[in-house]
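Please look at the structure below and keep it in view while reading. The paragraphs that follow go from the whole chain to its sheets, its core and a few single residues.

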Amino acid sequence: MSPSAVAYKPTISRWLSKPANLGLQKRKFMKRYALLAATVVVGGAVAFQGSVNLQATTPGSPQTGHSNITGTSRAGSMVGYSNTPTGIAFGGDFRTVSTSGRGVLGNASATSGVTYGGLFQSFSTTGRGIAGIAVATSGFSVGGFFTTNSPDGKGVQGSSNAVTGLNYGVYGRNLSPAGYGVYSDGNMAATGIISGNGSGLTSVNADQIDGLDSTAFLQSVPSPLNLTSASNFYTIRGENTAVDGTALYGKAGAATGYGAGGLFESFGTDGRAVVALAQASTGQTSGVYVQNHSSSGRGIYGWSTSATGTAYGVYGQANLAADGFAVFANGDMGASGVKPFRIDHPSDPENKYLLHYAAESPMPQNFYVGNVVTDSQGFASVDLPDYFDEINRNFKYQLTVVGKTFAQAVVWEKIKDNRFQIRTSEGGIEVSWEVKADRNDLYVRRKQPKDVVNKQGFEKGTYQQPDLYGFGPERGMNYEARRMKKIIGPKK
């Protein structure tokens, strides 16, 4: 410290301690002696060390000039101000050259209240309250680093207080094709809608996505969204507790092409590509409910591509309900092949099946059979079901005499009121009878079945089984290259 500064130190302290000397005199005195002082003490505390150059100014207006300080500067409040209206100006510029330094350290030491280690504001319509930039072009640099040690704390909290407009509490952006706009190294949860505009994150590696309540849903998720999991439970779990709600909804919105609302694959030897369970034990529930609105569409398309073995395109089972159906068609049911029933072979049930085949007719037919014995006069009446007249027409009869006799049998009275009469040339003769009739129930009357119909739509010019006519699969009624790729999937 220079002799001049030592001489002036007590003088400055005593002079500043007098209230009458504050104001303009204080500023003049400080300007006069600041350049000489190596240490200035105000109220017994070190205010700064070094030199301060202050320019003259009028009271109440900001001072402009330069401060060159080494050491510590303390004040009740400090305001950095840049009055340059344009350009890249700084209200304050803080720097450190230390390899472990901090350019700015803000510390709110109070243990209660809503305090801030640093408060940054911007009033510009395109401004930033705070901007952190890591200018290094390599290394694991971070533009902004925020931590919390509280078990209930938040490392970063972003809040958008506007109640209208398209605003963001937190906005992340990434320009690298291999980068992420937002990345969560841990669980990710939301209480509202998770939405996207088709850019940014397209792949998530998560054993489980959790934390979504029943009112939240994924909307407009970027495509493709890939979820992988090694869990024995769910990769995706959707839950909707509304009376008519839908837990998962898939939509392929293109008006043309072969889009799929959902594509499911299983590669396990005992796997199921889709498992649907209707868990309610009462009510008209459906394990799978499928609709098709196209005039040439399929509600369900089942296809087994294996060329060997006993494979099933569609398999239904309902062997527990006495009155149930494994497969039921509420309407016509067709087949291009034979229609057998199959049971375990009575003689070798573990190794063989027994098949019996349905009879074919160009028109829908009903038939009724039975045996009867005529009385001593050769007459016998045959009673048919009480609904017979309501569902049949165009009756056909067949009588066969049973036994060691050459007696003759005729239909003595035709069917009337669900009954017909047989007469044999001798009494006490057993007769085996059969009645066939054209179906005439309400469905058949409306449907008017035909034995020859024209092919329509994309089926015209194709074959159900083109190989029977010497053609390849491309001539099949269900063949289309893109469709086959969708159904079979790419080769693994």
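Of the 492 residues of the protein chain, 10% count as buried, where buried means under 20% relative accessible area, exposed means over 50%, and partly exposed lies in between, with a 1.4 Å probe and protein chains only. This is a predicted model, in which local features need pLDDT of at least 70 and side-chain atom pairs count only at pLDDT 80 or more, while totals for chains, interfaces and linings use all residues. Residues are numbered from 1 along each chain as its sequence is written, and side-chain values use heavy atoms, with hydrogens and water left out.

The protein chain exposes about 40,300 Å², and carbon and sulfur atoms supply 51% of this area. Such areas come from the Shrake-Rupley method with a 1.4 Å probe; for residues, only the protein chains shown count as cover. The chain has 5 helices and 15 strands. Helices (H or I, at least four residues) and strands (E, at least two) are DSSP runs, numbered from the N terminus. A contact means heavy atoms within 4.5 Å. Among contacts between residues at least 6 apart in sequence, 44% join residues at least 24 apart.

Strands can be arranged into sheets. In general, strands of a sheet pair through backbone hydrogen bonds, either parallel or antiparallel. Here, two strands pair if DSSP finds at least two bridges between them. One open sheet consists of 3 strands in the order S11-S14-S13, with antiparallel pairing. S11 and strand S13 (409-413) are at the edges with a single partner strand each, so one side of each has no neighbour in the sheet. The twist from one strand to the next averages 35°; the axes are lines fitted to C-alpha atoms, for helices over the stretch in contact, and angles run from 0 to 180 degrees between N-to-C directions.

Within this sheet, 5 bridges join S11 to S14. Val 382 stands opposite Phe 420 in S14, and Phe 379 stands opposite Arg 423 in S14. Which side chains of S11 are buried, and which are not? The side chains alternate: Ala 380 and Val 382 point to one face and are buried, whereas Phe 379, Ser 381 and Asp 383 point to the other face and are not.

Another open sheet of 3 strands has the order S10-S15-S12, again with antiparallel pairing. Its edge strands are S10 and strand S12 (392-402), each of which pairs on one side only. Neighbouring strands of this sheet are turned by 15° against each other on average, direction ignored. S12 and S15 are joined by 9 bridges, and Leu 399 has Trp 433 in S15 as its bridge partner.

Now consider the largest nonpolar core. A nonpolar core is a set of buried Ala, Val, Leu, Ile, Met, Phe, Trp, Tyr and Cys residues joined through side-chain atoms within 4.5 Å. This one has 15 residues, of which Val 372, Leu 384, Phe 388, Phe 420, Ile 422 and Trp 433 touch the most other members. The elements giving two or more residues to the core are strand S10 (365-373), strand S11 (379-383), strand S14 (419-424) and strand S15 (430-439). S15 gives the most, with 4 residues.

Three residues show this region in more detail. Phe 388 is in contact with Tyr 368, Phe 395, Ile 415, Asn 418, Val 435 and Ala 437, leaving aside neighbours within four places in sequence. Val 382 counts as buried because its relative accessibility is 4%. With neighbours within four places again left aside, Val 382 is in contact with Val 372, Asn 418, Arg 419, Phe 420, Ile 422 and Trp 433. The C-alpha atoms of Val 382 and Ile 422 are separated by 7.6 Å, although these residues are 40 residues apart along the chain.

Asn 418 belongs to the loop between S13 and S14. Is this residue buried or exposed? Asn 418 has 15% relative accessibility and therefore counts as buried. Polar contacts are pairs of N or O atoms within 3.5 Å; within protein, one must be able to donate a hydrogen and the other to accept it, and residues adjacent in sequence count only if both atoms are side-chain atoms. A polar atom of the Asn 418 side chain lies 3.2 Å from the backbone oxygen of Asp 386, and the side chain also reaches the backbone nitrogen of Asp 389 at 3.0 Å.
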